[in-house]
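Colleague: Please examine one part of this model closely, and then set that part in the context of the whole chain.

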Amino acid sequence: MTVVGPFGLHVRDQALEADVQSGLAAVEAGLLEATKSGVPFITDAAQHLLRAGGKRFRPLLVMLASQFGDPDAPGVVPAAVVVELTHLATLYHDDVMDEADARRGVPSANTRWGNSVAVLTGDFLFARASHILADLGPEAVRIQAEAFERLVTGQILETAGPRDGRDPVDHYLDVLSGKTGSLVAVSGRFGAMMSGADERTVDVLTQYGERLGIAFQLADDVLDIASDSHESGKTPGTDLREGIPTLPVLRLRAQAAADGKPDDLELVELLDGDLSSDDALAEVLRRLRAHPALEQARQDTVRYAQEARATLAPLPEGYAKAALEELCDAVVHRAG
């Protein structure tokens with residue numbers, strides 16, 4: 001069993017390992033090429049997060065999905081570059097919206113160069129992704145456009161918050177389906193589609209990616225509270241400080257509203273207060289780490305990962321399917 005890629009997936013077959021490693025190396029080269037500009041400053045900014053590393057979760061899924069067709073088909077690697085460029089672009093924009101100080105263990109682009117440069121760099125990456133996408137055909141352009149619309153809609157819904165009478169947890173899961181699930185679903189879809197897999201397989205891997213993407217983001221929600229900066233690559237409690245609702249917090253609020261326990265109500269009050277000081281944030285993190293709401297969020301992560309695994313049932317048995325199942329386990333492992 002061999003570990004493949006920065007995400008840490010275990011692969012049980014040498015031929016599959018070689019294919020995936022070769023594909024990811026080609027994607028990395030493609031990303032470096034796509035982020036070059038005739039203006040050195042733009043290259044520096046565009047490659048800032050790229051060179052900081054990352055799990056390459058989406059390209060990995062493209063590579064694994066392509067195993068159900070021809071993984072050497074010419075559209076596979078460019079499609080993986082497109083989804084990762086799109087993801088990178090959203091990180092630049094997210095950090096501006098969240099006023100984040102760090103990303104992937106380095107200063108965020110907005111901290112280093114200011115909000116305007118960070119936003120424009122994200123736009124530059126979107127443009128480069130679109131340029132590559134155009135060569136993959138009109139169907140690929142349509143799929144990516146629909147996914148990007150869902151991604152932006154999810155971000156807007158998160159900003160707007162749930163409408164009156166809507167369960168905040170249900171609203172949040174809809175947000176994640178758009179913000180994260182949409183692009184991970186496209187990763188599975190592109191990998192299968194570009195490799196020439198049959199329509200049923202394409203559909204299975206699209207559904208798998210959707211559910212796995214939600215599980216992946218829920219694991220990030222847990223990490224924002226449970227990890228330290230070394231593990232997550234960003235400052236713990238960033239989402240808490242910015243007032244961004246995450247699943248552990250939503251579970252806490254629901255429990256406090258239902259039970260009215262003084263400790264829970266006090267913790268909610270702290271969350272709604274000023275978390276600008278490191279001491280205040282540390283106290284909230286300490287209490288959330290010990291609260292059952294965090295374990296509830298972990299179980300939600302497990303549930304979505306199990307649903308992703310279940311969608312794979314129609315696929316033929318083999319090392320590629322086993323690797324996709326292992327990917328579900330890897331996502332759960334991130335959440336502890």
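Modeller: An axis here is a line fitted to C-alpha atoms, for a helix over the stretch in contact, and angles between N-to-C directions run from 0 to 180 degrees. The model is predicted: local features need pLDDT of at least 70 and side-chain atom pairs pLDDT 80 or more, whereas totals for chains, interfaces and linings use all residues. Residues are numbered from 1 along each chain as its sequence is written, and side-chain values use heavy atoms, without hydrogens or water.

The part chosen is the packing of helix 4 against helix 10. Helix 4 spans residues 57–65 and helix 10 spans residues 199–226 (helices are DSSP runs of H or I with at least four residues, strands are E runs of at least two, and both are numbered from the N terminus). The axes of helix 4 and helix 10 come within 12 Å and cross at roughly 155°. Helix 4 and helix 10 are therefore roughly antiparallel to each other (over 145 degrees). The crossing of this pair is right-handed (the near helix is turned clockwise from the far one by less than a right angle).

Helix 4 contributes Phe57, Arg58, Leu61 and Ala65 to the contact (heavy atoms within 4.5 Å). From helix 10, these residues meet Leu205, Tyr208, Gly209, Leu212 and Phe216. By class, the contact residues of helix 4 with helix 10 divide into 7 nonpolar, 1 polar and 1 charged (Ala, Val, Leu, Ile, Met, Phe, Trp, Tyr, Cys and Pro are nonpolar; Asp, Glu, Lys and Arg are charged; the others, Gly among them, are polar).

Alanine 192, in helix 9 (residues 168–194), touches both members of the pair. Setting aside residues up to four places away in sequence, alanine 192 touches Ala65, Ser66, Ala197, Val202 and Leu205. Of these, Ala65 and Leu205 also belong to the contact between helix 4 and helix 10. Alanine 192 counts as buried because its relative accessibility is 0% (buried is under 20%, with a 1.4 Å probe and protein chains only). From alanine 192 to alanine 134, the C-alpha distance is 18 Å at a sequence separation of 58 residues.

Two further residues extend the picture of helix 9 and helix 10. Glutamine 217 lies in helix 10 and is buried, with a relative accessible area of 18%. Beyond its neighbours within four places in sequence, glutamine 217 is in contact with Leu176 and Thr180. Histidine 171 lies in helix 9 and is also buried, at 8% relative accessible area. With the same neighbours excluded, histidine 171 is in contact with Leu157, Glu158, Gly161, Pro162 and Arg166.

Elsewhere, alanine 34 is found in helix 1 (residues 14–34). Alanine 34 is buried, with a relative accessible area of 9%, and touches Val81, Leu85, Phe124, Arg128 and Ile132, again leaving out residues up to four places away. Its C-alpha atom is separated by 38 Å from that of proline 162, which lies 128 residues away along the chain.

As for the whole, the chain holds 17 helices and 4 strands. Of its 336 residues, 51% count as buried. Among contacts with a separation of 6 or more, 72% join residues 24 or more positions apart. The C-alpha atoms fill a box of roughly 60 × 50 × 40 Å along the principal axes. The radius of gyration is 20 Å, which agrees with the value near 20 Å for a compact globule of 336 residues (taken over C-alpha atoms, the rule being 2.2 Å times the number of residues to the power 0.38).

Technical notes:
Parallel < 35°, antiparallel > 145°, perpendicular 65-115°, else oblique. Buried < 20%, exposed > 50% of the residue type's maximum accessible area, 1.4 Å probe, protein only.
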